[in-house]
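Colleague: I've got a new model open and I'd like to learn how to read it feature by feature. Could you walk me through it?

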Amino acid sequence: MSRKLALKKLTKSDLTIFEWQFQNQPGKKSKQKAINLNSSVFIGQLYPGLPNSNALKNGRMEISTEIHGPRKGEVVHQASNRTITAASSTQKNWRLGGSLIPNPQDQPLRYSSLKPGDLVLFDFVGDEAPEKVRMLLISQSDQELWHSFNQLIPGERETMVRLKSDQVFNIISDSWLLKFLGEERSESKTIESGKYEPEQYELFSKQAGSENLKNRSDYHKIRPAGRHIITIGKDLIKDKYAAIVELVKNAYDADSKYCRVSLLPFSRGSEKGIKVVIRDEGHGMDYDTVVDKWMVPSTDDKLKRSTSPSGRKMQGKKGIGRYSASMIGDDLILQTVDKEGDLTALYLIWEHFESAKYLDDVDVLIENYATDKRPGTELIMIGDEAHLSEWNVKQIQNLKFELKKLIPPVASEHSIDADIENFKIQLELGDFPFDGFSNVVEDIEPYPLFDLFDYRVSGLVTNKGIAKLRFENNRIKGAPIQVIEDFDIILNKSDTRKGEEAYCGKLQLDFRVFDRDPASIDGLIQRGLKDPVTGAYVGKREARLILDNYNGIGVYRNGFRLRPLGDAGYDWLELDKQRVQNPSFRVGSDQIIGFIHIESEEESGLEEKSARDGLRETAEYFGLQEIGKQVLGKLEERRFSYRKNIGLGRSKRDLNVKINTLFDLKDVKNKINEELDTAGVEKTSKAIINKLISEKEESNAKIADDLKKAIALYQGQATLGKIVNVVLHEGRKPISYFKNQIPTISEWADEVREVYDQVTIDKIIDRLRVVYDQSDILIKLFNKLDPLSAKKRTHRKDFKVRTVIENVLDVFVSQLESQSIKCEIDCDTNQTFYGWKEDLYVVFTNLVDNSIYWLQGIQRAQKQILFKVYEDDNLLIIEYRDNGPGIDKTLIESEDIFEPEFSNKGGTGLGLAISGEAVDRNGGELKAIYSEDGAFFKVELKHQ
């Protein structure tokens with residue numbers, strides 16, 4: 001029995017099916033008592049034969065109903081007395097109704113929390129008509145699950161859509177949800193061991209209960225249902241464009257030099273329809289190949305061969321792409337001529353598979369002829385008027401767009417291991433009633449790489465994560481290309497959200513970035529930006545629209561794009577999320593046109609989804625994301641420096657100096673005295689004016705000092721925010737212990753009140769000792785954080801430097817131990833400094849936090865953080881080192897790493913800027929020094 005899935009967004013009137021919701025409706029009351037089933041989906045796609053079915057009596061039928069959710073693990077609620085009803089005589093509206101559904105007696109508030117905008121996933125079971133429906137309620141309070149499903153409903157006006165099983169399984173991972181989607185299985189039967197190894201049968205018989213008397217014992221074969229072909233074709237492919245792309249790839253695999261896609265409307269009397277033809281001049285197939293391979297779903301033929309006779313790397317390896325033709329038309333005619341001159345023709349009707357009980361019940365006619373035609377293959381798909389109506393101007397434009405983006409622009413520096421330059425695509429449009437889209441044949445050319453980019457980073461990344469990159473700045477005329485040699489890309493090996501990230505084979509990357517401020521758009525137009533379609537020069541509005549339509553980072557394998565990676569607005573690298581945190585430094589998804597060429601699945605570990613809608617979210621996929629971000633980060637660093645130097649990004653450093661300058665009246669005082677002298681003002685009046693200015697200077701100095709104290713307080717609290725995860729991790733264990741043990745202690749105390757028992761008293765005392773120890777852990781943790789969480793700025797005083805360093809390292813002790821980072825402190829225990837110890841907490845906390853981040857992906861026998869403190873003349877020197885990947889020399893020379901918002905680790909970019917200000921408040925300087933052995937910072941403080 002077939003399953004049909006649909007997703008619906010619940011409205012106020014839909015919720016009236018639940019008794020509580022019906023009785024407690026706000027505002028105007030609805031009398032509906034049912035959930036609307038959108039006719040275009042329920043009848044148009046799921047059960048088109050239902051209106052004429054015998055199951056429907058007087059416009060209604062009974063249906064068995066189960067309700068799951070809205071919370072995880074919710075027991076199944078059997079909702080009897082349900083009906084499917086045609087709500088109007090025209091049968092345009094259908095509803096799932098019947099008597100009101102009450103809250104279960106053991107769950108009196110089960111449905112009370114539901115509200116408009118919540119979702120319901122319908123699982124209809126039945127072939128001709130629905131016999132059973134299971135409803136999974138998804139509340140907005142379950143944010144992650146609701147958001148994932150809500151994205152499957154395309155527009156605000158649409159409230160119900162049909163889903164494919166693959167779409168749902170890509171979202172669902174929780175066992176209770178998988179159980180909801182589990183196929184119904186027939187009762188297990190025991191079998192004889194003749195076709196199994198003895199240990200296999202022994203294991204099976206134990207599970208089946210071999211001690212019971214067997215009723216039947218037979219071997220059986222799995223028989224796919226007739227509609228299995230539709231499931232792996234039309235139901236699996238996202239849209240018509242994806243289907244056509246699959247068939248174009250097959251032409252490439254056949255060693256053809258071209259593929260022609262023809263959309264040909266036709267009219268035969270009152271009958272209208274469309275013929276879609278995909279033709280190539282490849283090597284064709286002989287009769288046996290059609291029968292033994294083309295007719296075999298999921299054949300491993302291409303997987304085994306891996307390359308075509310001419311040496312092209314095979315695009316399709318899953319053996320199902322050809323069945324996507326079921327989405328394009330109702331019938332399919334295959335005509336293929338092999339190199340021997342034999343023509344093999346195949347004719348099938350997809351409806352036959354829909355109605356057949358088993359796949360092998362469908363007979364497909366295949367004939368073979370002698371011919372003088374050239375080798376090649378032609379697929380002819382015939383669709384009715386409904387298929388024709390889908391091809392409007394927008395859809396044709398979308399198809400052209402997909403075909404153009406299918407093949408990447410091939411630049412001389414791209415050494416793509418594919419025969420793309422020898423493969424051309426043509427699009428033929430027949431007699432459509434659309435201007436510019438009627439009776440034309442167009443050669444599909446890939447969209448050009450925009451040579452008018454502002455910035456570009458390109459190059460190679462090895463399968464070990466070593467990058468060799470080039471950076472270009474087109475905004476500087478004649479600027480030399482910067483070479484970035486042997487940049488090590490460090491992956492995160494312990495991210496609990498994603499799991500491990502892994503390297504994903506060799507990569508070729510090319511990212512081109514455009515500034516989108518008004519001056520940059522003007523520069524883009526002046527450099528000669530043209531419309532990619534019309535070739536006309538454009539204005540500012542058109543320039544922005546072009547960037548809106550053609551942005552995206554595409555991923556290509558063997559020269560062909562993997563949809564939807566590279567679609568405009570498909571931000572799979574999550575660039576916009578980074579940009580929100582740090583807009584001055586980061587690049588948004590609408591500013592970049594990029595290409596990443598990946599290797600085969602075997603070499604890269606990057607697996608394409610069966611539905612041809614992207615890559616599976618494996619460790620290699622997350623590694624690809626991180627590699628892309630880090631390569632783009634090299635461009636972002638250099639772009640940030642350039643924009644700052646030309647005044648597009650203003651420096652926000654030296655905040656203390658700027659505050660002093662703001663309130664310093666010396667220049668004003670000197671100019672006033674010059675004017676007074678010129679005007680001949682007498683000395684007494686001049687002295688009075690100067691005294692007033694001096695008093696204002698003193699007042700300003702106090703204001704400036706108060707501002708510095710406030711800024712220092714806020715910077716300390718900002719640094720405290722960076723280690724919230726540390727606090728949560730360290731404090732969770734004691735709090736969990738309190739939560740678990742206090743009820744037990746209370747229970748024992750009650751027992752002792754009733755009957756004195758020394759054993760119970762001893763147990764209470766023992767547990768209280770542990771409670772004391774766990775409390776001590778929390779107290780010590782908060783004491784460590786106290787200098788950063790102060791509500792008031794203290795006065796300067798002498799403090800021991802080593803104690804500050806040790807306290808900071810104590811805060812991070814768990815992270816340091818988990819990553820095996822060894823810390824050494826070379827500092828006299830009596831070394832003191834007169835200043836604000838809170839500021840040194842800020843400095844060391846930020847430095848240690850950065851080191852832990854960059855050391856996490858380093859594969860070294862010993863990871864280290866070193867402090868060395870010593871005197872030099874009147875200076876206290878604190879050297880800080882780690883043996884991580886270090887800092888790019890150009891960033892140290894430009895001092896951009898101390899700029900607020902500069903960050904190459906995905907944060908806000910405030911850490912080092914705050915640290916520099918903290919040292920400055922103590923009359924010192926924080927310096928970054930280039931080292932090939934890791935990060936190296938030096939704090940120089942003057943004794944006062």
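Modeller: Sure, let's go from the overall picture down to single residues. Keep in mind that this is a predicted model.

Colleague: Fine. How many helices and strands does the protein have?

Modeller: There are 28 helices and 31 strands. Of the 944 residues, 48% count as buried. The accessible surface is about 48800 Å², with 49% of that belonging to carbon and sulfur atoms. As for contacts between residues at least 6 apart in sequence, 69% join residues at least 24 apart.

Colleague: Next, the interior. Which residues have the most contacts inside the largest nonpolar core?

Modeller: The general idea is that in soluble globular proteins, nonpolar side chains tend to be buried together. Here the largest nonpolar core has 48 residues, and those with the most contacts inside it are Val 248, Trp 294, Met 381, Trp 391 and Phe 423. Helix H8, residues 240-253, gives the most to this core, with eight residues. Another core, of 43 residues, lies apart from it, and Ile 821, Leu 840, Val 919 and Val 939 are among its members.

Colleague: What does Trp 294 touch, leaving out residues up to four places away in sequence?

Modeller: Trp 294 touches Met 285, Thr 289, Arg 322, Tyr 323, Leu 332, Leu 334, Leu 346 and Leu 348.

Colleague: Let's try a helix. Which residues of helix H24 are buried?

Modeller: Start with the geometry: an α-helix has 3.6 residues a turn, so residues three or four places apart point the same way. In H24, residues 801-811, the buried ones are Val 801, Val 804, Ile 805, Val 808, Leu 809 and Val 811. Looking down the axis of H24, these buried residues fall within an arc of 155°, so they line one face of the helix.

Colleague: Now the charged residues. How many salt bridges does the structure hold?

Modeller: The principle is that side chains of opposite charge can pair when their charged atoms come close. This structure holds 35 salt bridges. Take Asp 123 and Arg 134, whose closest N and O atoms are 2.7 Å apart. Asp 123 sits in strand E7 (residues 119-125) and Arg 134 in strand E8 (residues 132-138), so the pair ties together parts that are 11 residues apart in sequence.

Colleague: Are those two buried or exposed?

Modeller: Asp 123 is buried at 0% relative accessibility, and Arg 134 is buried at 9%. Another case is Glu 472 with Arg 456, a salt bridge at 3.3 Å, N to O. Glu 472 is in strand E19 (residues 466-473) and Arg 456 in strand E18 (residues 455-461), so this pair ties together parts 16 residues apart in sequence. Glu 472 is buried at 13%, and Arg 456 is buried at 5%.

Colleague: What about the salt bridge of Lys 468 and Glu 485?

Modeller: That one is 3.7 Å, N to O. Lys 468 lies in strand E19 and Glu 485 in strand E20 (residues 482-488), so the pair ties together parts 17 residues apart in sequence. Lys 468 is partly exposed at 43%, while Glu 485 is exposed at 52%. Salt bridges can also share partners: Arg 475, Asp 515, Asp 517, Arg 639 and Arg 643 are joined that way into one network.

Colleague: And backbone oddities? Where is the peptide bond from Gly 69 to Pro 70 that is cis?

Modeller: As a baseline, most residues other than glycine have a negative phi, and most peptide bonds are trans. The Gly 69 to Pro 70 bond is cis, with omega near 15°, and Pro 70 is in the loop between strand E3 (60-68) and strand E4 (77-78). The bond from Arg 563 to Pro 564 is also cis, with omega near -5°; Pro 564 lies in the loop between E23 and H16.

Colleague: What else is in that loop?

Modeller: Glu 574 is there, with a positive phi near 60° and a relative accessible area of 23%, which makes Glu 574 partly exposed. Asp 567 is in the loop too, but is buried at 15%. The side chain of Asp 567 makes a polar contact with the side chain of Arg 561 at 2.9 Å.

Colleague: Which phi value does Asn 439 have?

Modeller: Asn 439 has a positive phi of about 50° although it is not a glycine. Asn 439 is in the loop between strand E16 (424-429) and strand E17 (440-444), and counts as exposed at 55%.

Key. Residues numbered from 1 in each chain as written. Predicted model: local features only at pLDDT ≥ 70, side-chain atom pairs only at ≥ 80, totals over all residues. Heavy atoms only, no water. Salt bridge = Lys/Arg side-chain N within 4 Å of Asp/Glu carboxyl O. Helix = DSSP H or I, 4+ residues; strand = E, 2+ residues; numbered from the N terminus. Buried < 20%, exposed > 50% of the residue type's maximum accessible area, 1.4 Å probe, protein only. Contact = heavy atoms within 4.5 Å. Areas by Shrake-Rupley, 256 points an atom, 1.4 Å probe, with all protein chains shown as cover. Arc of directions from axis to C-beta. Polar contact = N/O pair within 3.5 Å; in protein donor to acceptor, adjacent residues only side chain to side chain. Core = buried A, V, L, I, M, F, W, Y, C linked by side-chain atoms within 4.5 Å.
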